[in-house]
Amino acid sequence: MTIMQIKIEDELLKKETISHENLGFGRYFTNRMFSQRYTENKKWHCPKISDLKPLELPPHIQVFHSGQNVFEGIKAYYSKNGDINIFRLSDHLERFNRSAQRLAMPEIPIERHKKAICKLVETERDWIPKKTGCALYIRPVMIGVEPTLEVRAAKDFLHFIILSPVGPYFGEPLSPVSVWISDDQVRAIKGGTGTAKTAANYAGSIFASEKARANSYDQVLWLDGIERRYIEELSGMNIMFVTERQELITPLLNGSILEGITRASIIELAPKIGLSVREEKIDVYQMIAEISSKKIIEAFAIGTGATIAPVGRFGFKGRDTLVNGGSAGPIAKLLYKNLTDIQHGRAKDFSGWLTTI
């Protein structure tokens, strides 16, 4: 196997990093990016790290017209000993390849992809925030760039990786969010692209998300596309509930729900703090009733961007229901601590989840 040699363009300029206060999410980007191309005859080639700069692309390439696009969201953290920890890198890259398969795009060999990410993160290590709750967000993207309007798989592709220092997705760690439950639109359906990280899934959620924001909700919770009754996920996150019996319940993966890496991590962590786990179909009407009767005592969204975001209020059919009085609960706080301790190298449990630079 040929070892990938990454070209680092020597005209790179030394630039200052930014303050790590009030980062927001995805607002700032590092000085450099990685890119490589794919063609049928050369496969993946021309890997390089260069200045972050606009892409020069023809207006008639396929990503603009038939939407061939996949991406990932990964985080790197500073460890207490000064190393860099990338959380569950191989799992993210395997999911990237599953998304690529679903969109009829070429896979990127895992070790090649890992090398590109690690080299770029190492080059830009000064941008990694040290504060708990903050991280360097890694966004690999692949797009079809063959210039044609035909609706078919492209033959040429561009893969690039950009980095963004980020704070907590909702402003403060464990800040409760409000969630509007949509019963008239759907995010995805079994057999569609709901299990892939592709831009179309997110584009389709924006109309409802803007409607939710206009009515003072932070996020949208989607129901299944057939009966409009069973809970699936939020626009960019999975969801979990805690019962009075110390059970962690989350929707069963059904072919339309994204297989979240944070979701899988919490499922593995939960028994460590005494929670049993159930993956099952969750009826939205039953869920609302059990929150009202205090049988469900906590709800939280989980994802790479948000980590863990407690849900303080659900809006459904014109009525609001508070969860835990609208505050973050003890289980969300404990899981958040356990997860961030692993990510920052403060705990040895599940250390196999970390790729260390």
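This note goes through aromatic pairs, two polar side chains and the empty spaces of a predicted model.

1. Aromatic pairs. Searching the whole structure gives 10 aromatic pairs. One of them joins Phe-71 and Tyr-202. Their ring centres are 5.4 Å apart and their planes meet at 55 degrees, so the pair is tilted. A plane angle over 60 degrees would have counted as edge-to-face.

2. What the Phe-71 pair connects. Phe-71 belongs to strand β4 (residues 69–71), and Tyr-202 to helix α3 (residues 199–203). The two parts are 131 residues apart in sequence, so the pair ties together distant stretches of the chain. Burial of the partners is worth noting. Phe-71 has a relative accessible area of 9% and is buried. Tyr-202 has 21% and counts as partly exposed. The limit for buried is under 20%, so Tyr-202, at 21%, falls outside that class.

3. Aromatic cluster. Which residues do ring pairs link into a cluster? They are Phe-25, Tyr-137, Tyr-169 and Phe-170. Two of these names return at the largest pocket: Tyr-137 and Tyr-169 are among the lining residues nearest its centre.

4. Charge over a ring. The charged end of Lys-281 sits over the ring of Tyr-230. The distance to the ring centre is 4.1 Å.

5. Arg-112. Is this residue buried or exposed? Arg-112 has 18% relative accessibility and counts as buried. The cut-off is under 20%, so the label holds. Arg-112 lies in helix α2 (residues 110–123). Its side chain makes a polar contact of 2.8 Å with the side chain of Gln-36. Gln-36 is also in the contact list of Arg-112, together with Met-4, Trp-44, His-45 and Pro-47, once neighbours within four places in sequence are set aside. As a distance reference, Arg-112 and Ile-296 are 44 Å apart, C-alpha to C-alpha, and 184 residues apart in sequence.

6. Thr-30. This residue is found in the loop between β1 (7–8) and β2 (32–39). Thr-30 has a relative accessible area of 1%, so it is buried. Which side chain makes a polar contact with that of Thr-30? The partner is Glu-124, at 3.1 Å. Leaving out residues up to four places away in sequence, Thr-30 touches Glu-124 as well as Leu-52, Trp-127, Leu-136, Leu-163 and Pro-165.

7. Cavities. How many cavities of 30 Å³ or more does the whole structure hold? The search finds two. The largest has a volume of about 150 Å³. Its lining has 20 residues, and Gly-133, Pro-168, Ala-306, Thr-307 and Tyr-336 are the closest to the centre. Three elements, β5 (74–78), β16 (307–316) and α7 (330–343), each supply at least two residues of this lining.

8. Largest pocket. Its volume is about 770 Å³. The lining has 37 residues. Nearest the centre lie Tyr-137, Arg-139, Tyr-169, Tyr-202 and Gly-236. Elements giving two or more residues are β7 (135–144), β8 (157–166), α3, α4 (206–214), α5 (261–269) and β15 (296–303). Which of them gives the most? It is α4, with four residues.

9. Tyr-202 across the points. This residue appears in two of the topics above. Tyr-202 forms the tilted pair with Phe-71. Tyr-202 is also among the residues nearest the centre of the largest pocket. Its helix, α3, is one of the elements that give two or more residues to the pocket lining.

Notes
Residues numbered from 1 in each chain as written. Predicted model: local features only at pLDDT ≥ 70, side-chain atom pairs only at ≥ 80, totals over all residues. Heavy atoms only, no water. Phe/Tyr/Trp six-rings, centres within 6.5 Å; stacked < 30°, edge-to-face > 60°. Buried < 20%, exposed > 50% of the residue type's maximum accessible area, 1.4 Å probe, protein only. Lys NZ or Arg CZ within 6 Å of the ring centre and 35° of its normal. Contact = heavy atoms within 4.5 Å. Polar contact = N/O pair within 3.5 Å; in protein donor to acceptor, adjacent residues only side chain to side chain. 1 Å grid on protein atoms, 1.4 Å probe; cavity = no way out; pocket = protein on both sides within 12 Å on 5 of 7 lines; lining within 4 Å. Points joined across faces, edges and corners; volume = space filled by probe spheres on them.
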